[in-house]
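Q: I would like to learn how to read a fold, its salt bridges and its surface charges from a model. Could you take me through it step by step?

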Amino acid sequence: MSGGQKVLVAIDLSDESGEIIERARSIAGDGDLHLVHVQEPMDTVYMGVVPFGPVFPGVDEAEDKLRDELRKRLDHWATRFSVAAGQAHLRYGTPASEIKALADEIDCDLIVIGTHGQKGVQLLLGSTANSVLHGACHDVLAVRVGAKGDD
């Protein structure tokens, strides 16, 4: 893939996000770089336990506060890597679904996502990266992070 691409970078806002964004920037060249972080609903963990309404009182307020903090952290990464205004996306829902949906919306050429230094089949199984890889209509690059010197 040559420079000048539209690249969507899915990040978890950890310190390793910089490594993933750098890899994506090198691929995008002078093209568009989009960042995305997906906030998962707090009550997803309890799905089925409480069929209707929030799991506990105050969940909506807690999610709003979390969303504000996540937005600040996402904006930090966007500023640090000179990502254009409006190209740092904070989504809400299931990470893999939201990443694939945004990739379709912006018609990206490539999705870049980090994966941790597991080995063999465990490299992607059960992860958001695996879920994005399967069913995405776009090329996906899984960047191995946090594994330097583990081999």
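What follows is a short dialogue about this predicted model.

Q: Let's start with the overall layout. How many helices and strands does the protein have?

A: A good habit is to count the elements and then read their order. Here there are four helices and five strands. Followed along the sequence, they give the pattern β-α-β-α-β-α-β-α-β.

Q: What share of the residues in the protein is buried?

A: For this, we look at the relative accessible area of each residue, and under 20% counts as buried. Of the 151 residues in this protein, 39% are buried. The surface can be read too: the protein exposes about 8,500 Å², and carbon and sulfur atoms supply 51% of that area.

Q: And contacts? What part of them joins residues 24 or more positions apart?

A: Here one looks at sequence separation. Among contacts with a separation of 6 or more, 75% are between residues 24 or more positions apart.

Q: Can we follow one residue, say Arg-25? Where is Arg-25 placed, and which residues does Arg-25 touch?

A: Gladly. Arg-25 sits in helix 1, which covers residues 17-28. Leaving aside residues up to four places away in sequence, Arg-25 touches Leu-33, Phe-81, Ser-82 and Val-83. Its relative accessible area is 27%, so Arg-25 is partly exposed. You can also compare sequence with space: Arg-25 and Val-9 are 16 residues apart in sequence, while their C-alpha atoms are 9.2 Å apart.

Q: Now for salt bridges. How many does the structure hold?

A: Look for a side-chain nitrogen of Lys or Arg within 4 Å of a carboxyl oxygen of Asp or Glu. The structure holds four such salt bridges. One of them pairs Arg-71 with Asp-75, with 3.0 Å between the closest N and O atoms.

Q: Why are Arg-71 and Asp-75 separated by about one helical turn?

A: Both belong to helix 2 (residues 59-80), and because they are four residues apart there, about one helical turn lies between them. Arg-71 is partly exposed because its relative accessibility is 29%. Asp-75 has a relative accessibility of 33%, so Asp-75 is partly exposed as well.

Q: Which residues are linked in a network of salt bridges?

A: To find a network, check whether a residue takes part in several pairs. Arg-91, Glu-98 and Glu-105 are linked in this way. Glu-98 forms a salt bridge with Arg-91, the closest N and O atoms being 3.0 Å apart. Glu-105 forms one with Arg-91, where the closest N and O atoms are 3.0 Å apart. This second pair links distant parts of the chain, with Glu-105 in helix 3 and Arg-91 in strand 3 (residues 88-92), 14 residues apart.

Q: Are the residues of that network buried or exposed?

A: Take them one by one. Glu-98 and Arg-91 are both buried. For Arg-91, the relative accessibility is 18%, which is why Arg-91 counts as buried. Glu-105 has a relative accessible area of 55%, so Glu-105 is exposed.

Q: One last feature, the surface charge. Which residues gather in a patch of negative charge?

A: Look for like charges that gather on the surface. In this model, Asp-104, Asp-107, Asp-109 and Asp-139 form a patch of negative charge there. Among them, Asp-107 lies in the loop between helix 3 (95-106) and strand 4 (110-116). Because its relative accessibility is 55%, Asp-107 counts as exposed.

How values were computed:
Residues are numbered from 1 along each chain as its sequence is written. This is a predicted model: local features need pLDDT of at least 70, side-chain atom pairs count only at pLDDT 80 or more; totals for chains, interfaces and linings use all residues. Side-chain values use heavy atoms; hydrogens and water are left out. Patches are made of residues with over 30% relative accessible area and no salt bridge: like charges are joined within 9 Å, nonpolar side chains (Val, Leu, Ile, Met, Phe, Trp, Tyr) within 5 Å. Accessible areas come from the Shrake-Rupley method with a 1.4 Å probe; for residues, only the protein chains shown count as cover. Lys and Arg count as positive and Asp and Glu as negative; His and the chain ends are not counted. The place of a charge is taken as NZ of Lys, CZ of Arg, CG of Asp or CD of Glu. Helices (H or I, at least four residues) and strands (E, at least two) are DSSP runs, numbered from the N terminus. Buried means under 20% relative accessible area, exposed over 50%, partly exposed in between (1.4 Å probe, protein chains only). Contact means heavy atoms within 4.5 Å.
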